[in-house]
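This report covers two topics: the surroundings of the ligand and the arrangement of the strands. The sequence and the structure come first.

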Amino acid sequence: MHQRPKHRRTNQPKYVESTCKRLARQKNMEIYFELTGLTSLPSDRNYWTLCNVQDSSDGSEIVQMCNEGFLTKKQFHGVDFSRSIIKQNRKWHPKANWYCGDWLKVVRGHPEFRPALVYLDTLCFVDRKIILDVVVSTMSLCPVGTVLLVNGMKNDPRSKTICDPDKLITNIGNSIGSFELKKWAKRIRVFDYCGTGKTNMATFAFHKKD
Ligand SMILES: C[S@@+](CC[C@H](N)C(=O)[O-])C[C@H]1O[C@@H](n2cnc3c(N)ncnc32)[C@H](O)[C@@H]1O
């Protein structure tokens, strides 16, 4: 029998209605500015994100970032497992780019994968192998100049387990080849932001410098 991967979640919050999410995305644009000195994406590069629902309200990621003048719809590339979400997003924003499938399967070898900013907005626990694998693989696919933002959960409210964010950074250092690792800025910033309910989230900011 086909089993749903463990990292797929069904009952997700409504991100378009979340003040925390809006603030986190605002922070992402600020981080991009701090790391690159740019207030918007270069015209020849794009934005790739794990997207969920992106309706036409100003609480959605795509509308928020376009309204800020940070990117254009054509620069927006959204990936999600959910076929219905992607189908609906395509109707709301036909000029943007939408892909249904697993992140790595979509981005690996994709001719449009020329990001300036990647938002790996996961709901994985920060100390697990699943997030490590996707981050390490994505790092090696990013062109020079990319800012890679990774979200993960710092605690599991159900089991009351706390996850150590430093573990992700240590594991990346141990897993990625030295040739790739030296292209990335040594200083990795970690920002906390509130999740929904009792979940604490962290955003890791990586920068592939030249
Ligand atoms: C936190 S939500 C995205 C929220 C959105 N970035 C925003 O700011 O509103 C993450 C979404 O990515 C999907 N997702 C998680 N891991 C994925 C993967 N490896 N491939 C494709 N979709 C994935 C989840 O199903 C979920 O819908």
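## Residues around the ligand

Sorted by class, the shell around the ligand holds eight nonpolar, seven charged and five polar residues. The model is predicted. In it, 20 residues surround the ligand, and the closest of them are Tyr15, Leu50, Asn52, Trp103 and Asp121.

Several elements contribute to this shell. At least two residues each come from helix H1 (19-36), strand E1 (46-50), strand E2 (76-80) and strand E4 (115-125). Strand E4 gives the most, with four residues.

## The sheet

The strands are arranged in an open sheet of seven, and its order is E3-E2-E1-E4-E5-E9-E8. The pairing within the sheet is mixed. Strand E3 (97-100) and strand E8 (189-194) stand at the edges, and each has a single partner strand, so one side of each lacks a neighbour in the sheet. On average, neighbouring strands of this sheet are turned by 15° against each other, with direction ignored.

Strands E1, E2 and E4, which each supply at least two residues of the ligand shell, also belong to this sheet.

## Strands E2 and E3 and helix H3

At the E3 edge, strands E2 and E3 run parallel and are joined by four bridges. One residue pair can be named here: Gly78 has Trp98, in E3, as its bridge partner.

Helix H3 (residues 83-92) packs on the sheet and touches both E2 and E3. The direction of helix H3 makes about 165° with that of E3.

How values were computed: Residues numbered from 1 in each chain as written. Predicted model: local features only at pLDDT ≥ 70, side-chain atom pairs only at ≥ 80, totals over all residues. Near = placed C-beta within 6 Å. Nonpolar A, V, L, I, M, F, W, Y, C, P; charged D, E, K, R; others polar. Pairing = 2+ DSSP bridges. Axes fitted to C-alpha atoms, helices over the stretch in contact; angles between N-to-C directions. Contact = placed C-beta atoms within 7 Å.
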